[in-house]
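Visitor: I should like to understand the terms applied to this model. Please set each one against its definition.

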Amino acid sequence: MRDAVDAAVERLLAGAMQGRGGAVVVRGGVGSGRTTVLDDAAAAAAARGMQVLRATAAPAETGFDHGVTHQLVDPLLLGARGWHLAAPPAGLLPGRDPAVEYGAGARDRTLWRFVEALAGRVPLAVLVDDLQWSDPASLRWLTRLADRSAGQPIAVVGTVLAGQATTGGPADDGAVLRGLLAVCGSVHLHPLDVAATTALVRERCGPGATSAFLDAVGDVCHGVPSVLHAVLDEVRGLRPDDEAVAAVRAARPSALRERLRRAARLLPGPARTYLQAVAVLDGAGPGSPADRLSGLDPVDRAAAVARLVGDGLLVGDPPRVLHPLLGEVAADPDGWEDLHLRAARLRLELGHGSEEIAAHLLAVAAPLQRWGIEILRAAARRAATLDPGSSRAVRYLRRALLDDDSTGRDRGALLVELAAAEYTEESSTAVRHVGQAVRLLDSPRDRARALAVLDPALLRDAPEPLRAAVRDLASASPPGLPTAHGAQALDDDACELRLRILTRTLRLDEDEPGGIAAVAGMLDEALDATDPLLSTAAGRELLAVVLHGAAVAGTGSAAAVGDVASRVLKVASPQELRSPAGVAAGDGHRGLLITALVAAGGAGALTVWLAERPGADPRDRAEAELVRLACGAPSEQPAAARPYPDGRPVAFTVALACAAASAEARLDDRDPDRAGLAAHIRRRLVRATAALAEDAPALALECVLDAGRHLDHLGWCNPALFQWRGWAAELLAGRGDRAAALRQVDEELDRALAWGAPGPVQRARRVRDRVLGTVTDDPVVHDRPGTGLSPVEPVPPLPVPPAEQPRPDPAASTRARTADPAGTTGSGVAGADRLTAAELRVVELAAAGDGNQQIAARLGLSRRAVEKRLTSAYRRLGISGRAELRSRR
């Protein structure tokens, strides 16, 4: 530890001040802080009034006799009026001859006498860094000085790389250095322990450093101070929290790179060879492949390990390189590639895992042979199995494709493997690679397998050759589902491929006129084969598409659709439910099932299911938003922040817009100019809600009817998801066209009854009653936002904090005013029958004491819209403001 070293140096300096000097050598590895120890010793000696003589040995100066000695004494000699060692000032040197057993010459004797005479005047601190690089003459002189310092006011402190303390520097065989070390005391600089590392990190980064950050620093730095400081300098500016862990592990400081490069370059050949082997294999130890890769005999290997461990370049047990940078600087680029290729062959020979071998192959820039390409493909299959969606598989296969020189079917198969690895995160690239593969594959089964890699939603926007390939394969197959009888004549792979191609064919034209009807037309056949289809991933994928089509079209039974959709969600794996990049919210496997369940009245069950599977993906949040609105819960986000589902506008996009409008929430109008009918329908709904907020019912009706016509044109007719007819009926009734209103609401009711979910039926009946003027207040089923999408079974209300208990619903009074000719029974405001529904909602809250900003927040309106509605209401009621409004309650 550093404290023990500092204490030893302090005792030495104190003894020298009292005429009882001595010598000590500080041993440590690369970056252990040896130079810092000498810096502190120099400062402490100067503070005591000692004369400090300091030198630093360097590898380039080992051939210069007395190079280190001159660094120590020349500054003093140059200050003595130009005299030199041959003629020192009279009276400075004592008149005795030094002992000759050291074999010193005239220069050595003169220097000893000079230093001893100087010490007689002022205590000396002689400090030498990196003794292992000293020239032999200086080492002999220092040995004499250290040996005689015990009875004189001279403190000699040197540092040496611990690994070279027994082998010596490059200019001698080690005997001279060992002679010096034999007459000196010795202290060791050990790596910092966990507590010291933690204290140092918190001193530099602040007390808020997280445990994960501290662990990462400890793993990378191994308690070596210079490595620790270099890494912390590299990540300066980042908060020391969990998010900075990756940056710490990836840090490659340039200053540390140069230090390690120099240390590796100065190693003897065997030690450098072994270091390269350990670096490329990321570890050593008894029986390690590094022993074989290095090619060293046991004696040389043992000496190399001792040197590397002593120098601090290998750490831990089993030994590993001090820092990953050593792997980059221990060899030149060509040599490094050769090492990786040899390591890959060695691991293959030893039967190591494919990913271990692939890591070496990726480091080789030269083209790989066939065995290397096959290893990369095997590694990609393993990575995809252990970590679906992993980028490792993509890296392996892209390298394999780069070096593969095959053509035709073999290259097509490799492209398919790459697309399967890419499509989760890079769907557009996967589509391009599947397109290339289809042109190379000659058998229908191989083409079907290639097309099955892509999510069905991606093929709608794929290039026309891909869509044509799907249709060609579908037309070549028997119509309908593979029945149990027909499946017996097919192997499992063929049956699954038929299901996959059928699913993709159904989705190609789903958002075109008549497309959804074709999907919904398969509902009965799919329900009859539910159990066989549930048993395979391909069958579950088909069920999701068919159930979604039935739910959007309003075909079949809500109960049957909801039951099967729930079963699919229960058995589908997380990987099946994960939508690849490029698929819009609600358009993947999971989104299709959620839409079907919401339409069937299963939003309550979905609330529990989603709570157990929270997702950070904006698409997951959009799907959860639909479920919340379907349950009658308020939106979790204000309108301005509500995310618009990215990607192609689809049925889910429109259903979410309808649910938000039904909940009287402002729709997000940040709608790019997307093409397609679904995008147009959503824009018309956004404009309709804006028109209602601006008291423009005629414009709102026009927009609703236009959206409805397009929904009917597409076959998206389920009132559980697209309740536009009810809105149109109320707007028509509001302008006095009762007959047209009844036609709309009667058709809405007929469709709701045919579908069978209670929520849409109840809503349509309430709208019809309002149109006929026979509305009654039902304390259980009221017209709160979202009731039209309420589940089959009652959904328990969300808990409301005591401070936020809901006020009486102003909409309830709106519904009651027709039954109360005086206009007071439902609303509590005299003359309420003269107000529009929009005005009455605002008036009720204003009469209850809410300010304009509060009303805007509760109703999802702008403050300007609230002010306009209040002004219009005051004019209709013949009052001047809030005070009169409260008096008329």
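Guide: The following exchange concerns two helix pairs and a pocket. This is a predicted model, in which local features need pLDDT of at least 70 and side-chain atom pairs count only at pLDDT 80 or more, while totals for chains, interfaces and linings use all residues. Residues are numbered from 1 along each chain as its sequence is written, and side-chain values use heavy atoms, with hydrogens and water left out.

Visitor: Why is α34 called oblique to α35?

Guide: Helix α34 (residues 603–611) and helix α35 (residues 618–630) pack at an angle of about 135°, their axes 9 Å apart. Angles under 35 degrees count as roughly parallel, over 145 as roughly antiparallel, 65 to 115 as roughly perpendicular and the rest as oblique. Therefore α34 is oblique to α35.

Visitor: What makes α37 and α38 roughly antiparallel?

Guide: The axes of helix α37 (residues 677–693) and helix α38 (residues 697–714) cross at roughly 160° and come within 8 Å. The pair is therefore roughly antiparallel.

Visitor: Which residues of α34 meet α35?

Guide: Ala603, Leu606, Thr607 and Leu610 of α34 meet Ala624, Val627 and Ala630 of α35, where contact means heavy atoms within 4.5 Å. By class, this contact has six nonpolar, one polar and no charged residues; Ala, Val, Leu, Ile, Met, Phe, Trp, Tyr, Cys and Pro count as nonpolar, Asp, Glu, Lys and Arg as charged, and the others, Gly among them, as polar.

Visitor: How does the lining of the second largest pocket divide by class?

Guide: The lining residues divide into 20 nonpolar, seven polar and 16 charged.

Methods
Axes are lines fitted to C-alpha atoms, for helices over the stretch in contact, and angles run from 0 to 180 degrees between N-to-C directions. Helices (H or I, at least four residues) and strands (E, at least two) are DSSP runs, numbered from the N terminus.
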